[in-house]
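User: Could you teach me how to read the inside and outside of a protein model?

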Amino acid sequence: MKVVILAGGYGTRLAEETELRPKPMIEIGGRPILWHIMKIYAHHGLTDFVVCLGYKGYIIKEYFANYFVHMSDVTINLRTNEMQIHNIAAEPWRVTLADTGGDTMTGGRLKRVREHIGNERFCFTYGDGVGNIDVAALLRFHEAQKVEATVTAVRPPGRFGAIELDGDRVAAFHEKPLWDGGWISGGFFVAEPTVLDLITDDAMPWEREPLTTLARNNSLAAYLHEGFWHPMDTVRDRNYLQALWSSGAAPWKVWS
């Protein structure tokens, strides 16, 4: 089964970082967040990836083209122009890097990689969010629902600490409580190839007409994920994820 990762946006809210590299290449623990997302899927046996490139996509191409060099020790003989790779640390992944346009919307990017998806069920997600998603359970849920698409619904964490008042006294303090606005889309979709027929052109976001049409047709299921999920939209988010990784207890690190 293919896993499509949308990695072509501009990441304007992380301009401090994305002036130099695409958002999915911003590092957590010395590895791009794109790598972390792929590790989540690979832990559940999904290792055939299609990465939709756009803004500064050549940087993602360079990373995977030189993956051995990035992940291993190397000896370079400048006189003979030879390179020896030591302690090879590679992943058993197949990665298709597809240019899907600089200004193409999310739906359009999916449509553009149809030839790589084929006529089979596929997973896809955004290149900027991680979680301890049980992908195997998600796939079983989608199969049981008999729908065209399933979205992983999450309750995002609050941005600020909250205080509970008793008159003019603080009764309790809750650090970053869960947002109380209900469930939102956390990405980590499962879809049948028929959903691609709902996308007309490059300018169509997946989150608008395709999803609303599926919902209207009672063909969009929601897999409720109660565990950890966090996007990387801002520098604050990046720092938070980095702190979790540095602590040695990153919740999304489901692999050994």
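User: How much area does the protein expose, and what share of it do carbon and sulfur atoms supply?

Analyst: This is a predicted model, where local features need pLDDT of at least 70, side-chain atom pairs count only at pLDDT 80 or more, and totals for chains, interfaces and linings use all residues. Residues are numbered from 1 along each chain as its sequence is written, and side-chain values use heavy atoms, with hydrogens and water left out. The protein exposes about 13100 Å², by the Shrake-Rupley method with a 1.4 Å probe and only the protein chains shown counting as cover for residues. Carbon and sulfur atoms supply 50% of that area.

User: Which residues of helix α3 are buried?

Analyst: Buried means under 20% relative accessible area, exposed over 50%, and partly exposed in between (1.4 Å probe, protein chains only). Helices are DSSP runs of H or I with at least four residues, strands are E runs of at least two, and both are numbered from the N terminus. In α3 (residues 57-65), G57, I59, I60, Y63 and F64 are buried. They sit on the same side of α3 because they cover an arc of only 155° around the axis, taken from the directions from the helix axis to the C-beta atoms. Exposed Y58 and A65 are on the face turned away from that buried side.

User: What do the buried residues of α3 pack against?

Analyst: Contact means heavy atoms within 4.5 Å. Their partners include β1 (2-7), α2 (33-43) and β7 (94-99).

User: Which residues have the most contacts inside the largest nonpolar core?

Analyst: In soluble globular proteins, nonpolar side chains tend to be buried together. A nonpolar core is a set of buried Ala, Val, Leu, Ile, Met, Phe, Trp, Tyr and Cys residues joined through side-chain atoms within 4.5 Å. Here the largest has 44 residues, and Y41, V130, L241 and W252 have the most contacts inside it. The largest share of this core, 7 residues, comes from α2.
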